[in-house]
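Reader: Hi! I'm new to looking at protein models and would love a friendly walk through this one. Could you help me out?

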Amino acid sequence: FRFRRRRMEALAAKLPGPTAWPLIGSALQFLGSSHDLVATISRILHRYQTPTAFWLGPRLYVAIARPADIEAVLTSPHALERDPVYRFLEPWFGNGIFTAQVSTWRINRKHILPTFSPRILQDFVDVFSAQAQILVRKLAEEVGKGAFDVSHYVNLCSLDIICETAMGLSIGAQDGNNSDYIRSTDRLCQITTLRVFKLWLHPDWLFNLTPLGREQARHLRCTHNMVNAVVRRKRLEHGLNSNDGSTSRKVLIDHLLELTGKRLDDQQLKDEVTTMIAAGKDTTSTVTSFVLLVLAIHRDEQEKVAEELHTIFGDSGRPATSRDLHEMQYLELCIKETMRMFSVGPIIARHLTRDVPLSDVVLPGGSSVAICIQHVHMDPEHFPEPHKFKPERFVSANRRHPFSYIPFSAGPRNCIGLRYAVLAVKTMVSTILRHYKITTPLKMADIELKLEVLLKPVQGFPLVLEPRTCS
Ligand code: HEM
């Protein structure tokens, strides 16, 4: 321990970074609201060149934002372990692949990966489209009423989509059903974020005694009960019908049962399904809301998307198919560019189990690395005029470093739901834009960001809707 600690101290002395005080390190810098936090991180990264070192209590963090450094870390076999800060997700995600130790993760990721194959995802597009059409009908209530926060509607739609495709369960969130489950998933996100940034809530024994700890336990019971019931039912169905001649649409849990057989017990199965819902719902809905907001600000680009959609669908109101989604090339550029400017997972962190060499320093085993995704996406060296929304920058296969654009992370522990997410975002955005013209009172310069596990605008996602056929 002392040897490791001495090496970390030697490295920290070599690298630029904020002042570290005994015991607390630089923790005082990160106090304040979720809004202050984004400003603080951005100030530190601009002030010191990366790699930058800072201490949070006894832990050394090295923040990196050069693509070559990011590649070295994300492809290293010694940087697969998540940073200890992710442990606050464990009561919710259990031992699912997001939070699992590397030994479990390695086996389960291999088994789960085929359930996200293009062929399987293609079958989900019907669900995405049907739910997006409900979303459009719900949004009609807002026409002519001025600005409203679209993320409320998109959130419910995303939850319906993920529950139906993960568990085969129509929870009817958009129709006002299952409000307990919806409240519980929302509160679990908020409580986890609060815990990460409030140091006194870190010890489990203390947290469990607080009203927040008791509230978390209640919401965990609610969400886990729902998934438990589905796992029990599905296991029974698959037991009765092991060669599965069933004609109904297979969902993620069916594919998991088929592909893994008995290798995943009920508890693991429950953890994996919970992980998919929790990791997929908020990310997908936040990206969708960001794309809508950015297109509401950039009217010319919005019209180009609308023209593309008109070319694909004409005046038909038919639901989108996977072939249609594939043809939405300009919308895809807009989604990529939005995810560059607003990376909903702006920083991810890994724990190093052994030394990882970068070009000029060696990161010592035992330290943590903060990979600053949002910062590299806004670096003018890789993205000239980074504050300008320019979807065309993604048109050509240019010579940009592959690790300079990583909204879904990269390497062996990247986002397993990447393709699923892009299809779901495309379906929701395109279905809305086929029916409505969208504007917003916000300008790009007005958008201030806060960090609540995910990156979100302080102002929410205010949109004004006008029926597209009226123009
Ligand atoms: C646009 C939406 C999404 C974005 C931007 C996104 C982004 C990310 C990022 C950055 C990571 C790496 C996290 C880290 O290393 O700390 C990640 C991991 C992960 N994501 Fe996503 N994600 C999205 C949607 C989804 C969906 C829809 C699902 C599942 C249905 C999903 C499931 C996962 C899982 C299970 C992991 C952990 C993978 C592993 O450790 O092997 N994500 N995602």
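Reader: What does the charged end of Arg195 sit over?
Author: The charged end of Arg195 sits over the ring of Phe207, 4.0 Å from the ring's centre. Keep in mind as we go that this is a predicted model.

Reader: Cool. And what about the charged end of Arg82, which ring is that over?
Author: That one is over the ring of Tyr86, with 5.1 Å to the centre. Tyr86 also belongs to a cluster, in which ring pairs link it with Trp92, Phe93 and Phe98.

Reader: How many aromatic pairs does the structure hold?
Author: There are 13 aromatic pairs in the structure. One of them joins Phe148 and Tyr153 in an edge-to-face arrangement, 5.7 Å centre to centre and with 85° between the planes.

Reader: Are Phe148 and Tyr153 buried or exposed?
Author: Phe148 has 8% relative accessibility, so it counts as buried, the cut-off being under 20%. Tyr153 counts as buried because its value is 12%.

Reader: Got another pair for me?
Author: Sure! Phe383 and Tyr405 are an edge-to-face pair too, at 6.5 Å centre to centre and 65° between the planes. Phe383 and Tyr405 each lie in the loop between α16 and α17, so the pair ties together parts that are 22 residues apart in sequence. Both Phe383 and Tyr405 are buried.

Reader: While we're in that loop, what is the phi of Glu385 like?
Author: Glu385 has a positive phi of about 50°, although it is not a glycine. Its place is in the loop between α16 and α17, and Glu385 counts as partly exposed because its relative accessibility is 41%.

Reader: And where does Ser409 lie?
Author: Ser409 lies in the loop between α16 and α17. Its phi is positive, near 60°, and Ser409 is a residue other than glycine. With a relative accessible area of 14%, Ser409 is buried.

Reader: Let's switch to the ligand. Which protein atom is the donor to its iron atom?
Author: The iron atom has a single donor from the protein, the SG atom of Cys415, 2.3 Å away. Cys415 is found in the loop between α16 (373–377) and α17 (418–435).

Reader: Which residues are the closest ones around the ligand?
Author: The ligand is surrounded by 29 residues, and the closest are Arg82, Tyr86, Trp105, Arg109 and Cys415.

Reader: Which side chains have polar atoms by the ligand's oxygens?
Author: Let me name three. A polar side-chain atom of Trp105 lies 2.7 Å from an oxygen atom of the ligand. An N or O atom in the side chain of Arg109 is also 2.7 Å from a ligand oxygen. For Arg413, a polar side-chain atom lies 2.9 Å from an oxygen atom of the ligand.

Reader: Which elements give two or more residues to that shell?
Author: Those are α5 (102–112), α12 (266–297), β5 (347–351) and α17. The most comes from α12, which gives seven residues to the shell around the ligand.

Reader: Back to α17 then. Why would you call it largely enclosed?
Author: Of its 18 residues, 14 are buried, so α17 is largely enclosed by the rest of the structure.

Reader: And how does its span work out?
Author: At 1.5 Å a residue, the 18 residues of α17 should span 26 Å. The C-alpha atoms at its ends are 26 Å apart, which agrees.

Reader: New topic! What does the side chain of Ser367 reach?
Author: The side chain of Ser367 reaches the backbone oxygen of Pro364 at 2.6 Å. Ser367 is in the loop between β7 (362–363) and β8, and it counts as buried, at 0% relative accessibility.

Reader: What's in strand β8 itself?
Author: Ala370 is one of the residues in β8, which covers residues 368–372. Ala370 counts as buried, because its relative accessibility is 7%.

Reader: Last one: where does Arg7 lie, and is it buried or exposed?
Author: Arg7 lies in helix α1, residues 2–14. Arg7 falls in between as partly exposed, with a relative accessible area of 31%. Arg7 and Thr50 are 43 residues apart in sequence and, C-alpha to C-alpha, 19 Å apart in space.

Key
Residues numbered from 1 in each chain as written. Predicted model: local features only at pLDDT ≥ 70, side-chain atom pairs only at ≥ 80, totals over all residues. Heavy atoms only, no water. Donors = N, O, S within 2.8 Å, 3.2 Å for Na, K, Ca; no water. Helix = DSSP H or I, 4+ residues; strand = E, 2+ residues; numbered from the N terminus. Expected span 1.5 Å × (residues − 1). Buried < 20%, exposed > 50% of the residue type's maximum accessible area, 1.4 Å probe, protein only. Phe/Tyr/Trp six-rings, centres within 6.5 Å; stacked < 30°, edge-to-face > 60°. Lys NZ or Arg CZ within 6 Å of the ring centre and 35° of its normal. Near = heavy atom within 4 Å. Polar contact = N/O pair within 3.5 Å; in protein donor to acceptor, adjacent residues only side chain to side chain.
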